[in-house]
Amino acid sequence: MLRLLSFFFNLFEPIFKLAQRWLGVSRLGWVFVGPNLLVFGLFTFLPIIINVFYAFTGGVELMPLKRPYTGGENFEILLYCSNYLDVTTCNKDVFWRAIFNTGKFALLQVGLMVVLSLMTALVLNRNIIGRGFWRGVFFYPVLLSPVVVALIWKWLLQSNGAFNAGLISLGYNPVEWLTTSDWSFFWVVFVSIWAHMGFYTLILLAGLQAIPKDLYEAANMDRASAFTTLRRITLPLLMPNLIVVLVLAAIRAVQVFDEVFVLTGGGPGSATTFIVQFIYQTGFAEQIHLYGLAAAASLALATFLVILTLAQLRLSRANELGSKKA
Amino acid sequence: MSVANFLLRTRGRHRLHWTDVVTYVYLVLGLVVMFAPVSWLVMSSFKSESAISQFPPTFLPYSQQTVTVPGFDKPLPLFEVLNTEDQSAPPVVMAQARRIGIMAAMVDPKQPEVQVKVNVDDRVPVNELDFAWSNYIDLFDKFTFSTYLFNSVFITVVATLITLLLNSMAAFALSKYRFKGQRAVFLLIIATLMVPPTIILVPVFLVINEVGLLNNLWGVILPAVATPTGVFLLRQYMLTIPDELIEAARMDHASEWRIYWRVVLPLSAPALAVLAIFSVMWRWNDFLLPLIVLSTNDVFTLQLALNSFQGELNTQWHYLLAMTVITLIPVTFVFAFLQRYITTGIASAGVK
């Protein structure tokens, strides 16, 4: 194994020796960072530029240069409604529904996620036996693939699955969990919280463990109630981690796709269709691949993400200033 | 009593406070919510095709016992027949010869000549625990499952190796050299953290198509080998390696490449391990990129195969569940043995 490794690394020796003689030691840095930059350039930077180009061109050609320039037409198709109060009059009502669903999903999911992961982190931070085990319990679903997560729940929620069997044995009527709009939205939110909560709990737990213990001892001496301690000590000191959790969860919620795609397929109707699924469907899944429209929609998504990132910078700066004043 | 004492003891304090009770109730509830769905899946994957469609479902995989009776070609299903006249009499175990409407002709396996007509409501099937390993074996025999498995393993292993190599080289340059434009390069790489693959889906597809890697495993491997997270993680770690070590190696006339792989790489082993685990998880679980790049059956990964299986009109749940469980195994292994590395990775870099 070790010999194989040294054989492999020795293969590159002559190239780097040559480069070292030519460029000198300090400029050799470019050679080391080069392959990485090449991949970044080809698969990240170049696509960013092409994406903007796509958004302003039409047609079905994939090659950018063969696509006719259409100005803001894609955006007009996406955004135009004859009556903005009624989504059915919109050109692309699915896009508006996807935006609306994504907003609703993000608000619900992020709110519940922060509350639940904070509760779990507080519980795990207590004097409990076997903390490592319990932490693992909540963390396990984080490692599962989105497809697997969706299949686990699809199996439980299908019309003759475990949930309906439970309902019947309790004397209730079975429910079509995944083909009723409200219920399928509920389960999409629930399942995504189930799958990702452990990750945020971990970030909050790390923050809780960094709070000095003597602060709590002092509070105890002053006979502060548990609630006061939480409000005056724990939450303010946990604020940096809470902001990270809030923003990371929001950034990821806006991009929700895989779990939902497998669990409900965006349905029933478009009840659980979100922006990324709209992009995927317009660009890749439908008969005619409308790359321009998909690119325009992804610029809309990018705008959301930029706003969220700026909000994070703003929030954490405000928090730092606030704590300095105090 | 001592067991109860052990379970209920608290650190330091002696008496159990009501908040401790709430804590443990919460934890046990969490255990059920987090693990019951997974265990239900695992148990269901061992059910035979007939047992899986049974309603109401059972947790453990049961199937009806059968018996071979002389005079009948096929094995007959066994039932416990209740005595309708005398309620106190114990039920008799009988085999069903045939069924007509709501009546069934039953035989005693020991006296196959005598047939008794029984109402189907007056009998209960005799079930036994039966793990249908055939669900798993069939996957390898009947389907191209081994291809999917190979594709997933290939992508995961190769991509992780390349990721480690490229990212550690870049991190080495960014932490141990001073060159013009270094800061700009670092900022550029960090900025890509903000560009998730979901928003450049279309042009990435174009580039992969232009370099001719559509429907090719390399088309999934290459686009994501340069991870900003990896570069960042390794650079932060390499900054803690003292420069004197590198100076000493230069004194000994070691080439820069040699310094990189003989001095810096071995010293960065902990950070490399964290990145390797993350990369394995990312690659094994990846879905969106493979979904747009790989569209023919022979290059499907496990995740894509699962997705296409579940979308079929008549989902063969017993195979699908077995396949899901196999997909779970490596992740569960990582969870069981390497959880500590992942949690420190997340706590230190806030990445996933």
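In the predicted model, the crossing of helix α2 of chain A with helix α7 of chain B is right-handed. The two helices, the latter spanning residues 201-210 of chain B, pack at an angle of about 120°, and their axes lie 8 Å apart. On the side of α2(A), the contact is formed by A:Leu42, A:Phe43, A:Leu46, A:Pro47, A:Ile50, A:Asn51 and A:Tyr54, which meet B:Val202, B:Pro203, B:Val204, B:Leu206 and B:Val207 of α7(B). Classed by residue type, this helix pair contributes 11 nonpolar residues and 1 polar residue to its contact, with no charged residue.

The contact between the chains as a whole draws 78 residues from chain A and 77 residues from chain B. Helix α2 (residues 28-55) supplies the largest share of the side of chain A that touches chain B, amounting to 19 residues. That side of chain A comprises 56 nonpolar, 16 polar and 6 charged residues.

The largest nonpolar core contains 152 residues, and those with the most contacts inside it are A:Trp153, A:Ile275, A:Ala297 and B:Ala170. Helix α8 of chain A (residues 181-209) provides the largest share of this core, with 14 residues. When residues up to four places away in sequence are left out, A:Trp153 touches A:Trp187, A:Val191, A:Leu263 and, from the other chain, B:Pro37. Another core, of 9 residues, lies apart from the largest one and includes B:Leu76, B:Met94, B:Ala95 and B:Val107.

Helix α14 of chain B (residues 302-310) is largely enclosed by the rest of the structure, because 7 of its 9 residues are buried. These buried residues are B:Leu302, B:Gln303, B:Leu304, B:Ala305, B:Leu306, B:Asn307 and B:Gln310.

Terms used:
Residues numbered from 1 in each chain as written. Chains lettered and ligands numbered in written order. Predicted model: local features only at pLDDT ≥ 70, side-chain atom pairs only at ≥ 80, totals over all residues. Contact = placed C-beta atoms within 7 Å. Helix = DSSP H or I, 4+ residues; strand = E, 2+ residues; numbered from the N terminus. Nonpolar A, V, L, I, M, F, W, Y, C, P; charged D, E, K, R; others polar. Core = buried A, V, L, I, M, F, W, Y, C linked by C-beta atoms within 7 Å. Buried ≥ 20, exposed ≤ 12 C-beta atoms within 10 Å, placed from the backbone. Axes fitted to C-alpha atoms, helices over the stretch in contact; angles between N-to-C directions. Left-handed = near helix turned anticlockwise from the far one by under 90°.
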